[in-house]
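Reader: Can you walk me through this one? I'd like to start with the surface and then go to pockets.

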Amino acid sequence: MIVRTKYLNELIKAKNNGFPKIITGIRRCGKSFLLNTIYKNYLLNNGVKKKI
């Protein structure tokens with residue numbers, strides 16, 4: 001797994017600014033993986049409860 005630290009830090013920095021987050025890029029560059037795995041794990045590890 002390639003951890004996208006730069007992009008993760010950008011998401012973390014903009015987490016509470018009230019605007020929707022838009023991730024853009026070419027096909028198959030890891031946009032969904034960034035949100036569904038890396039950012040989700042960050043949120044779960046930092047106290048956000050998992051919605052069932």
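**Surface and pocket**

Author: This is a predicted model. Met 1, Val 3 and Phe 33 together make a nonpolar surface patch of about 340 Å².

Reader: Where is Val 3 found?

Author: Val 3 sits in the segment before α1.

Reader: And how exposed is Val 3?

Author: Val 3 has a relative accessible area of 49%. That makes Val 3 partly exposed, because exposed means over 50%.

Reader: OK, pockets. What volume does the largest pocket have?

Author: The largest pocket has about 340 Å³. It is lined by 13 residues, and Tyr 7, Ile 23, Gly 30, Lys 31 and Leu 34 are the closest to its centre.

Reader: Which elements give two or more residues to that lining?

Author: Those are α1 (5-13) and α2 (31-45).

Reader: How do the lining residues divide into nonpolar, polar and charged?

Author: There are 8 nonpolar, 2 polar and 3 charged residues in the lining of the largest pocket.

Reader: Back to the whole chain. How many helices and strands?

Author: The chain has 2 helices and 0 strands. Its C-alpha trace spans about 30 × 25 × 20 Å along the principal axes.

Reader: What share of the residues is buried?

Author: Of the 52 residues in the chain, 10% are buried.

Reader: And what area does the chain expose?

Author: About 4800 Å² is exposed, with carbon and sulfur atoms supplying 56% of it.

Technical notes. Residues numbered from 1 in each chain as written. Predicted model: local features only at pLDDT ≥ 70, side-chain atom pairs only at ≥ 80, totals over all residues. Heavy atoms only, no water. 1 Å grid on protein atoms, 1.4 Å probe; cavity = no way out; pocket = protein on both sides within 12 Å on 5 of 7 lines; lining within 4 Å. Points joined across faces, edges and corners; volume = space filled by probe spheres on them. Helix = DSSP H or I, 4+ residues; strand = E, 2+ residues; numbered from the N terminus. Nonpolar A, V, L, I, M, F, W, Y, C, P; charged D, E, K, R; others polar. Patch = residues over 30% accessible without salt bridge, like charges linked within 9 Å, V, L, I, M, F, W, Y side chains within 5 Å. Areas by Shrake-Rupley, 256 points an atom, 1.4 Å probe, with all protein chains shown as cover. Salt bridge = Lys/Arg side-chain N within 4 Å of Asp/Glu carboxyl O. Buried < 20%, exposed > 50% of the residue type's maximum accessible area, 1.4 Å probe, protein only.
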